[in-house]
Amino acid sequence: MLRPGTILDDRYEIIDVVGTGGMSTVYRAKDERLKRFVAIKVLKSDYSSDQNFVSKFRAEAQSSAGLTHPNIVSVYDVCEDDGRYFIVMELVEGITLKEYINLNGRLNMTQAIDFSIQIASGLEAAHEHHVIHRDIKPQNIIVSKSGNIKVTDFGIAKAATSTTMSTTGIGSVHYISPEQARGGYSDERSDIYSLGITMYEMVTGRVPFEGDTNVAIALMHIQNDMIPPRQLYPDIYPSFEKIILKASQKKPERRYLTAAALIADLNRVKDNPHIDIIVAPVTVTGAPTQQFTSEDMEKIKNGSMSKGFVDTVNRQPVPNTPESSEVRPDTSRIEALLNQEDEEFEEPPRRPAGRSIKVVDDYEDERYEEEYDDTDEYDVDPKLEKAVMVGGIAAAIVVAVIVFVIVGNMMGWFSFGERRTTEATTTEEATTEEAKITMPDVVGLSEKAAEKELKEAGSTNYQFVQEHSTEVKEGYVISQNVEQKTEIAKDTQIIITVSAGAEELEIADVTGMDEDSAYETLTSQGFKPTRSYKFDDEVDEGCAISTDPKAGSKAKAGDSIVIYISQGQEEKLVGVPELVGLTEAAARGSIEANKLTVGNVTYEFNSDVEAGLVIRQSITKDTQVKEGSTIDIVISNGAETKTYKGKVSGNVSTSDPGLANATVTLNVYINDDGGYHLAYTVTAPGGNIEVNGEAQGLSYNNGTVSFTVVDQNGADVSGMYNKSLTLSYEDE
């Protein structure tokens, strides 16, 4: 575990831990070079020491670094520092889809479909770059604060070996595809299976398979059928259930073959929840087996009754002649096909003479195993065998000629005039029949496939026109002017409308708009905006900074446009300097130099710190605080000097009658080593003068009292007076 403050690659400073998994730990970090926050996924030491794993990890992470999509966590760099291998990624503020489901329970239909489209869109972008995730699960999907979905962990997925899966893939085994569980080849359809299981969990709040061990769960993915979601929650859309069941088929060829096809169905359900999404999985094996559509089945069924049947022994067609009309063809094989349209039709192997055939279940091996019987009962003289064969052929020819003559007479083949009339009638009926065709359903097919269907149906007059569409993928049929299964003349003009893709539009400039207005502006243009947040010193918080692609450039309607929203100025952290012992002026300068603010400045006595120097600061040195934070300081007044207050009370009087009736001025002093301190003064009749006064700030508390009396002529008459005064002290 890395401590906060650790610097990786002389560039990335670790701030704190975001989360930890089986193979790695994710940290929030700061890129000091680009001044932005990033997420760093550091491989644990167990895997860093495995060079085979590391080489795979680096190669796959580098390939995923080329993926740029709003629903994929961007990979910025792949690094190594002192034996530590790590990926530098986009920092997405949010929680994993697994945590989201645990917090909120199963998702409603609208949210589940929206999340599914975003995840599939990320996979589509990866698959287009030939990058397969191989570990799609809710733990690897992040739900951002704005509700956007981000798929992560493309780098580690492929690097993980089967050993890794068994030791650290406890979460992964719940979403593993059957072919991965078998240890077989995995491709884009493996990701689609895992997404199917993830969609299942989104709408039900649980995974379809639970077991005591990873092996038991993996076997369930291979062998067991999962409970259909609507059996658990009937409020789930039937159409969405069909999508989930198709995406999570056991056999890869029965799933959606591409993420684009899955997205197309999800969008159909999003627009119309009651639409009937028909799941008709197609079995594809290594052999080029013919696939039969419903129309093919109907043709086979009708043809078998009207045109005869196939001799399953000699593999030759047999006409429905009067002689053969009593013999019903063996249609069990056809009926089986009609009852099981999604299974492949394979010609049963012929039984060679002298051999027995053991048929192995095609679910297990899809092949036939021949066992040869070399017993003596089949040993025949070659000459005799040849003679028998020649005789058999001759007999067959004779029988065939006889049958031909009999049948010809019965059918009127030898009545030439009648035959010509019959042929004319038959030709006219055939011409009328051939002039009519049944319009096939080509909506949703590619242009090339649609043209093939029209040619096979017999149409001679069809035209393709293009129309922009955000709903139908470019090159695929949007509509047809003749409804399917309609009987029309073969030369009827058929107009097939093919998608030219979404129309290219100029992206509006939303810079400076508030977040919601920018979102609505781009939505009204026909785009699908998403939000991304970052700091900006110039744009107010909550307003749009820019878009990706940038304003003024062109993009197709329906494309995702990223709106970068300002989080205001970035809160930069600075360290508090050491201020204690500095003069007041030096302390102020140091605070301002570190982009901090001088707060309250107070003063106090301190016998240990020289007067004028800083005694203490409100925030200790080296503490990381935001730029502009306030720092208070206290300045020393030096050592404290103790003072006293002296109080004088009593009276001063005279017995001289002349002074008793005169006005005099009395001054009373406290005398100590510091000099004379006036404690009381008054001008009053000179007979008996009351005294009540004090002197403050005295350095001593052991003085004496003296006084002076001056008459109104200014003469000092103190000697004519007696005093009765008391001196006391108090601490100040």
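Buried here means under 20% relative accessible area. That cut-off runs through the close-ups below, which are all taken from a predicted model.

**Close-up 1. Helix α11, tucked into its surroundings.** With 7 of its 10 residues buried, α11 is largely enclosed by the rest of the structure. The buried ones are S239, F240, E241, I243, I244, K246 and A247, so look for charged residues in that list as well as nonpolar ones. Their packing partners are α4, α8, α10 (229-232) and α12. **Close-up 2. The largest nonpolar core.** This core has 50 residues, and those with the most contacts inside it are L97, M199, M202, F240 and I243. At least two residues apiece come from α3 (97-104), α4 (109-128), β8 (141-144), β9 (149-151), α8 (188-204), α9 (214-223), α11 (238-247) and α12 (259-271). The top contributor is α4, which gives 10 residues. In soluble globular proteins, nonpolar side chains tend to be buried together.

**Close-up 3. M202 and its contacts.** Who does M202 touch, leaving aside residues up to four places away in sequence? The list is L97, I101, R106, L107, A112, F115, S116 and I119. Of these, L97 is also among the residues with the most contacts inside the largest core, as is M202 itself.

**Close-up 4. A second core.** Separate from the first, this one has 20 residues. V648, L659, V668 and V709 are among them.

**Close-up 5. Charges over rings.** Two tyrosines are worth zooming in on here. R106 lies over the face of Y233, 3.9 Å from the ring centre. R106 is also one of the residues that M202 touches. Over at Y256, the charged end of K246 sits above the ring at 4.6 Å from its centre. K246 is one of the buried residues of α11.

**Close-up 6. An aromatic pair, Y462 with F464.** A pair of aromatic rings is described by the distance of the centres and the angle of the planes. For Y462 and F464 those values are 6.0 Å and 75 degrees, making the pair edge-to-face. Both rings belong to partly exposed residues: Y462 has 21% relative accessibility, and F464 has 22%. The count for the structure comes to 5 aromatic pairs.

**Close-up 7. A buried salt bridge, K137 with D135.** The two side chains meet at 3.6 Å, N to O. Are these partners buried or exposed? K137 counts as buried at 11% relative accessibility, and D135 counts as buried at 13%. The total comes to 22 salt bridges.

**Close-up 8. D516 and R531, helix to strand.** The side chains of D516 and R531 form a salt bridge at 3.7 Å, N to O. D516 lies in helix α18 (residues 515-525) and R531 in strand β20 (residues 528-534), so the pair ties together parts that are 15 residues apart in sequence. D516 is partly exposed, with a relative accessible area of 46%.

**Close-up 9. E604 and R616, strand to strand.** Here the salt bridge spans 3.1 Å, N to O. It links distant parts of the chain, with E604 in strand β25 (residues 597-604) and R616 in strand β26 (residues 614-617), 12 residues apart. E604 is partly exposed at 28% relative accessible area, and R616 is partly exposed at 42%.

**Close-up 10. A salt-bridge network.** Three residues take part in this view: D16, R28 and E93 are linked in a network of salt bridges.

**Close-up 11. Cysteines without disulfides.** How many disulfides does a search of the whole structure find? It finds 0. As for the cysteines shown, C79 counts as buried at 7% relative accessibility, and C543 counts as buried at 16%.

Technical notes
Residues numbered from 1 in each chain as written. Predicted model: local features only at pLDDT ≥ 70, side-chain atom pairs only at ≥ 80, totals over all residues. Heavy atoms only, no water. Core = buried A, V, L, I, M, F, W, Y, C linked by side-chain atoms within 4.5 Å. Buried < 20%, exposed > 50% of the residue type's maximum accessible area, 1.4 Å probe, protein only. Helix = DSSP H or I, 4+ residues; strand = E, 2+ residues; numbered from the N terminus. Contact = heavy atoms within 4.5 Å. Phe/Tyr/Trp six-rings, centres within 6.5 Å; stacked < 30°, edge-to-face > 60°. Lys NZ or Arg CZ within 6 Å of the ring centre and 35° of its normal. Disulfide = S-S within 2.5 Å. Salt bridge = Lys/Arg side-chain N within 4 Å of Asp/Glu carboxyl O.
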